[in-house]
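The following paragraphs lead through one protein structure, step by step. Please keep the model in view while reading.

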Amino acid sequence: MVLDHFGNTFCSLIFLSIIGLILLREFVKRWRLTLRMASGDESLLKDGSITVKTITDAPPGSNFVDNVPAVEIKE
């Protein structure tokens with residue numbers, strides 16, 4: 001009887017630990033991404049693990065135009 005309770009508790013702790021580690025990993029990943037964006041890290045554009053859907057940093061008065069690809073300008 002005590003062994004069954006211990007086994008259930010152990011399995012529950014393992015399950016909750018895995019969920020906690022996944023949530024912690026996601027939190028750290030988003031925190032690091034925010035820091036990289038704030039510092040203007042240009043390597044984000046070529047990072048394979050990040051998908052850029054919309055770039056919203058533009059001069060005042062700019063408009064969004066659909067289906068126009070962004071091209072990197074190399075100086």
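In this predicted model, the second largest pocket holds about 270 Å³ of space. Its presence can be understood through a simple idea: rolling a probe the size of a water molecule over the atoms shows where empty space is left. The residues that line the second largest pocket are R25, E26, V28, K29, R30, R32, L33, R36, D47, S49 and I50. By character, this lining divides into seven charged residues, three nonpolar residues and one polar residue.

The secondary structure of the chain consists of one helix and zero strands. The helix, α1, covers residues 2–38. Which residues form a pair of rings in this structure? The structure contains one aromatic pair. It is formed by F6 and F10, whose ring centres lie 6.3 Å apart and whose planes meet at 20°; because planes under 30 degrees apart count as stacked, this pair is stacked. Both F6 and F10 belong to helix α1, where they are four residues apart, about one turn of the helix.

Are these two rings buried or exposed? F6 has a relative accessible area of 54%, and it is exposed because the cut-off for that class is over 50%. F10 reaches 46% relative accessibility and therefore counts as partly exposed.

The chain as a whole can be considered next. Of its 75 residues, 1% count as buried. The chain exposes about 7,700 Å², and carbon and sulfur atoms supply 64% of that area.

What is the radius of gyration of the chain? The value is 22 Å, whereas a compact globule of 75 residues would have a radius of gyration near 11 Å. Taken along the principal axes, the C-alpha atoms of the chain fill a box of roughly 70 × 25 × 20 Å.

A final pair of residues gives a sense of distance within the chain. E72 is located in the segment after α1, and its relative accessible area of 47% makes it partly exposed. E72 and T9 are separated by 63 residues in sequence, and their C-alpha atoms are 55 Å apart in space.

Terms used. Residues are numbered from 1 along each chain as its sequence is written. This is a predicted model: local features need pLDDT of at least 70, side-chain atom pairs count only at pLDDT 80 or more; totals for chains, interfaces and linings use all residues. Side-chain values use heavy atoms; hydrogens and water are left out. On a 1 Å grid over the protein atoms alone, a cavity is a set of points where a 1.4 Å probe fits but cannot get out, and a pocket is an open set with protein on both sides within 12 Å along at least five of seven lines; lining residues have an atom within 4 Å of a point. Grid points are joined across faces, edges and corners, and a volume is the space filled by probe spheres set on the points. Ala, Val, Leu, Ile, Met, Phe, Trp, Tyr, Cys and Pro count as nonpolar, Asp, Glu, Lys and Arg as charged, and the others, Gly among them, as polar. Rings of Phe, Tyr and Trp (its six-membered ring) pair if their centres lie within 6.5 Å; planes under 30 degrees apart count as stacked, over 60 as edge-to-face and the rest as tilted. Helices (H or I, at least four residues) and strands (E, at least two) are DSSP runs, numbered from the N terminus. Buried means under 20% relative accessible area, exposed over 50%, partly exposed in between (1.4 Å probe, protein chains only). The radius of gyration is taken over C-alpha atoms; the globule rule is 2.2 Å times the number of residues to the power 0.38. Accessible areas come from the Shrake-Rupley method with a 1.4 Å probe; for residues, only the protein chains shown count as cover.
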